[in-house]
Amino acid sequence: MSPKSAVQLPSLFTIATLGSHSALQILKGAKDEGFHTLAVVTPLNERLYSSFAFVDEVIVIPQYGDFPKLEKELNKRKVILVPHGSFVAYLSMEEHKKMTTPYFGNKAVLDWEADRLRQREWLTRAGLKMPRQFTKASEIDRPVIVKLYGAQGGKGYLFVKNPEDFTARASHLVEQRYIMQEYVLGVPVYIHYFYSPLTGKLEIMSMDRRYESNVDSLGRIPLADQEGWDISPSYVVIGNQPISLRESLLAEAFNMGEAVVRVSREICGERGLFGAFCLESIVTPESEFFLMEISARIVAGTNLFIDGSPYSYLNYDEPMSTGRRIARELRNALLSNSLDLVLDQSGRKTFERSAAPNGESVAVPGPGVPAN
Ligand code: AMP
Ligand code: AMP
C-alpha cells in the first residue's frame, strides 16, 4: 500500500454517533484520525453540532429513539457507529442489538452489562470486591443505598439507614426493580480503560470522580445546622472532576481492568469486552476498591480529557482522548486489514473486502507509536 493511499483510507469511512453524551469527543477524535464524521441529532442540537468544523455532516431526527429508522440509509455507506451512553439510555436493548450497521464493540457484552446480577457475577468472578447486597429490608444491618434498575445517572437512588428507615421511605418502591447495597463510605473513582484487540494491550486512559447533587454538597453545611433539617442525600450526576490516583493504587487499578477483560472472554464469547470501558469504584480509607458497576463503552467522564489526560500522555506524545483512541483503533484495523476484529459480528452487514487497497496489511502500532 502506498503511504498516500494508507493515509487516505480512513477518509473513505464515516464515523457516526448520536449527538449527545460524548459525541463531540468521539467525532473530534475521528476527524483527528482522518475519518469523515456524522452526528445524528435532534432539532434542538442541530445548530450546536453543525457549529463545529470537525463535524462534516449532520442528520436531524425528531428524537433519539428514531435512530434505528436510519439503518437503511447508513448501511448504504461505509458508516461505523461508535456507541455511548445515549445509545443505552434512549434505545431499547432489542433495537440497539438489532441494528446491523457496523458497530465498534461487542454487543454480546450488553446482556451482561444491563443486568445488575450478571454484572455482579462478572466482577466477582474477576476477583473484584463488591459492596454487600441485601435482598430483604429485614436483613439490613448497616446503612444501604437503594438503587433502581434502569435509573439514569443516579436518579431516584435512596440512602437508607436501617430497616425502619426503609419502611418509612422506600417501601413504595416494591413495584419497581431495585437493589440494596451496603453503603460504602469513600471516594468514588471512575477508571477509564481501553483494551485493544489488535495489540492485546490494556491502557488506562484517564479517571474522574463524579460530582453528584446533592450528596457532594452536604459537607458545605455544618453538621450542627443539618440537625432537624430533613435532608435526604441524592446521587444525581451533575458533572465530573478529574482525579489522579495514588500511584501505589495504580497497579491494582490496572490488574482490575485486565481481570475484567479476561473473564469477559469466558462469559460473553471468545472476543469478550474490547474498546473503551469504565470501572466505577469507591475507594475506602483502607485503600480498598469496591466496585459499583462496569460500563462497557466510553463514559461521559472522559469528556474532561478531550485534550488527553496525564495517563494517556504516558502512552502517547500527543493529545489522546478515549474518543480519539477509538478512532485510532479503527484506523489501525483498517490499515492492517483487520476491521472484523473491532466490529460487532452479530448479524451485521460487512464492508466489501476491497476496503484496504491491494488487500495488503501494515503492522499495527501499539501505544506510544503513531499510526502513520
Ligand atoms: P444524556 O444524553 O445527557 O441524556 O446522557 C445519556 C446517558 O448518559 C444518561 O443515562 C445520563 O445519565 C448519562 N450521562 C450523561 N452525562 C453524564 C456524566 N457526565 N456522567 C455520568 N453519566 C452521564
Ligand atoms: P451507580 O449508578 O451504581 O454508578 O451509582 C451512582 C452513584 O451512587 C455513585 O457515584 C455513588 O455516589 C453512589 N453509590 C452507588 N453505589 C454505592 C454504594 N454501594 N455505596 C455508596 N455510594 C454508592
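The following paragraphs describe two ligand sites, two arginines and three backbone features in a predicted model.

Residues are numbered from 1 along each chain as its sequence is written, chains are lettered from A and ligands numbered from 1 in the order in which they are written. In this predicted model, local features need pLDDT of at least 70 and side-chain atom pairs count only at pLDDT 80 or more, while totals for chains, interfaces and linings use all residues; side-chain values use heavy atoms, with hydrogens and water left out.

Ligand 1 is surrounded by S20, H21, S86, A89, Y90, Q152, G153, R210, V237, N240 and A300. A residue belongs to such a shell if one of its heavy atoms lies within 4 Å of the molecule. Two serines approach oxygen atoms of ligand 1. A polar side-chain atom of S20 is 2.5 Å from one oxygen atom. For S86, the distance from a polar side-chain atom to an oxygen atom is 2.9 Å. N240 places a polar side-chain atom 2.7 Å from a nitrogen atom of the ligand. The protein buries 69% of the 470 Å² that ligand 1 exposes when taken alone. Accessible areas follow the Shrake-Rupley method with a 1.4 Å probe; for residues, only the protein chains shown count as cover. Two or more residues of this shell come from each of α5 (85-90) and β11 (235-242). The largest share, three residues, belongs to α5. Helices (H or I, at least four residues) and strands (E, at least two) are DSSP runs numbered from the N terminus.

Around ligand 2 there are 16 residues, the closest being K147, Y157, Y190, E212 and E293. Oxygen atoms of ligand 2 again face polar side chains. The distance is 2.6 Å for a polar side-chain atom of Y157, 2.4 Å for one of E212 and 2.8 Å for one of E293. On its own, ligand 2 has 480 Å² of accessible area, and the protein covers 96% of it. Strands β6 (144-148), β8 (178-182), β10, β12 and β13 each supply at least two residues of the shell.

R297 lies in the loop between β13 (289-295) and α12 (310-315). R297 counts as buried because its relative accessibility is 9%. Buried means under 20% relative accessible area, exposed over 50% and partly exposed in between (1.4 Å probe, protein chains only). The R297 side chain makes a polar contact with the side chain of E113 at 2.6 Å. Such a contact is a pair of N or O atoms within 3.5 Å; within protein, one must be able to donate a hydrogen and the other to accept it, and residues adjacent in sequence count only if both atoms are side-chain atoms. Neighbours within four places in sequence aside, the contacts of R297 (heavy atoms within 4.5 Å) include P83, H84, V88, L110 and F277.

R120 sits in helix α8 (residues 116-125). R120 is buried yet has no salt bridge, and the nearest side chain of opposite charge, E182, is 7.3 Å away. A salt bridge requires a side-chain nitrogen of Lys or Arg within 4 Å of a carboxyl oxygen of Asp or Glu. Lys and Arg count as positive, Asp and Glu as negative; His and the chain ends are not counted.

Backbone geometry adds further detail. The peptide bond from S213 to N214 is cis, with omega near 5 degrees. N214 is in strand β10 (residues 201-214). H21, a residue other than glycine, has a positive phi near 65 degrees. H21 is in the loop between β1 (14-18) and α2 (23-32). S287 has a positive phi near 60 degrees, and is in the loop between β12 (275-283) and β13.
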